[in-house]
Amino acid sequence: VRPPLATRLALQHAALLGGMSHEFAALDEPELQQSLPRHCATMKAYQAELLACGAANSAALATVFGRAENHGTDRLRSVVWPWLEPLAGTAEDEYEHLGSVWRHMARDWTAGGAAQTGHLRAEVLRLLRGEGLASGAGVPPGGEVLVLGCGQARLAWTIASGLPGARVTGLEASEAQLSAANFFLQCAEEERLAFHPFLDEPRSNLHAAARTAALAAPDIAPAALPRVSLELRRGDFLQLSPSGEEALRGSDAVVTSFFLDCVPGVADSLRSIHALLRPGGLWVFAGPLAYHCWPQLCPTLDQLVGLASEVGLTPLGEPRLLPAGYVQRPGGFGAHEHAWTAAVLVCRRGE
């Protein structure tokens, strides 16, 4: 029997703590203690700081996802954290991973994340309003907007709050991401949650703070702001039941942000998006094309524009490129540090 979500995430966190125990195991060797006492003292202090951060993350997990059942957490302290190994499995497995939950939380619900991606959310909203479109209008008053792969729902909430009267639906396959979304949407207080998203980054750190940095979430309190029309649903839009798909048809706009490259079959995805839109409806694409499901057809951006036209989604102007990175470690010097550039494309379904 699969454990509940809170327990699964707690077990992953225990696996990270187990990996950290292995990381510092050499400090127990007498020869090292005798030959390099200052280094051992420095590393022991570093270990203690990391363990304190781990305890804070345990508390944050309980706050967001609830208390975990006892499923042998102590036994898993000998397990290596999967994030440090080559990732195997489906894209859905990836987004159920605790490392992904922390990073998306940092991107979507912290002040640092807003500094990195707030302008991208604003651009999506601007296009949905019809501002700057080459032809036609945006989402009409009272219109319906569908956000596919809504993750922790910051973009979906931004759209709902920025289009008064619109009915916004967020669809997300990951139980972990959706549960975090529901927690933050119910927050009536800013920065009530402290967490350390980079504990699983032992490599390429200039100093300890690169790994132990704390963030506070949320940077806004949705429950303390005017109420919006936003519904979150769990599901895979390529595997919807006929009744589920029918319920989502007729959308005035479909938004895919940091999503299209996460699902198998780009052509099938665009056909499904076309089917979900009403005639004249908008598809707004935002994000990279860092395909997660290779080997499969991986269209370039210009090939994606051509594909959209072929399935009946007419591009309204050329794609734009905007910086849209995740929150960066303060003092990390890895190869890319999640410093994404997002393409933004808007298309209209034919009448």
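How many of the 9 residues of helix 7 are buried? In this predicted model, the count is 8, and helix 7 (residues 154-162) is mostly covered. The buried residues of helix 7 are Arg154, Leu155, Ala156, Trp157, Thr158, Ile159, Ala160 and Gly162.

One of these, Ile159, also has a place in the largest nonpolar core. That core holds 62 residues. Phe65, Leu128, Val145, Ile159, Phe195 and Val255 touch the most other members. Helix 8 (residues 175-185) supplies the largest share of this core, with 7 residues. Another core lies apart from it and has 26 residues. Leu248, Leu276, Leu304 and Leu345 are among the members of this other core.

The surroundings of Leu128 show how distant parts of the sequence are brought into contact. With residues up to four places away in sequence not counted, Leu128 touches Gly138, Val139, Val145 and Ile159. Leu128 also touches Leu163, Ala253, Val255 and Val284.

Helix 8 also packs against helix 5 (residues 98-109). The angle between the two is about 35°, and their axes are 10 Å apart. The crossing of helix 5 and helix 8 is right-handed. On the side of helix 5, the contact is made by Ser100, Val101, His104, Met105 and Trp109. Helix 8 contributes Ala176, Gln177, Phe184 and Leu185. By class, this contact has 6 nonpolar and 3 polar residues. Charged residues are absent from the contact of helix 5 with helix 8.

Strand 6 (residues 251-257) contains Thr256. Thr256 counts as buried because its relative accessibility is 0%, and buried means under 20%. The side chain of Thr256 makes a polar contact with the side chain of Trp283, at 3.0 Å. Beyond its neighbours within four places in sequence, Thr256 is in contact with Leu148, Ile273 and Trp283. Val284, Phe285 and Ala286 are also in contact with Thr256. Val284 is likewise touched by Leu128.

Asn70 offers a contrast in accessibility. This residue lies in the loop between helix 3 (37-65) and helix 4 (91-95). Asn70 has a relative accessible area of 73%, so it is exposed, the cut-off being over 50%. In sequence, Asn70 and Ala214 are 144 residues apart. In space, the C-alpha atoms of Asn70 and Ala214 are 27 Å apart.

Notes
Residues numbered from 1 in each chain as written. Predicted model: local features only at pLDDT ≥ 70, side-chain atom pairs only at ≥ 80, totals over all residues. Heavy atoms only, no water. Core = buried A, V, L, I, M, F, W, Y, C linked by side-chain atoms within 4.5 Å. Buried < 20%, exposed > 50% of the residue type's maximum accessible area, 1.4 Å probe, protein only. Helix = DSSP H or I, 4+ residues; strand = E, 2+ residues; numbered from the N terminus. Contact = heavy atoms within 4.5 Å. Axes fitted to C-alpha atoms, helices over the stretch in contact; angles between N-to-C directions. Left-handed = near helix turned anticlockwise from the far one by under 90°. Nonpolar A, V, L, I, M, F, W, Y, C, P; charged D, E, K, R; others polar. Polar contact = N/O pair within 3.5 Å; in protein donor to acceptor, adjacent residues only side chain to side chain.
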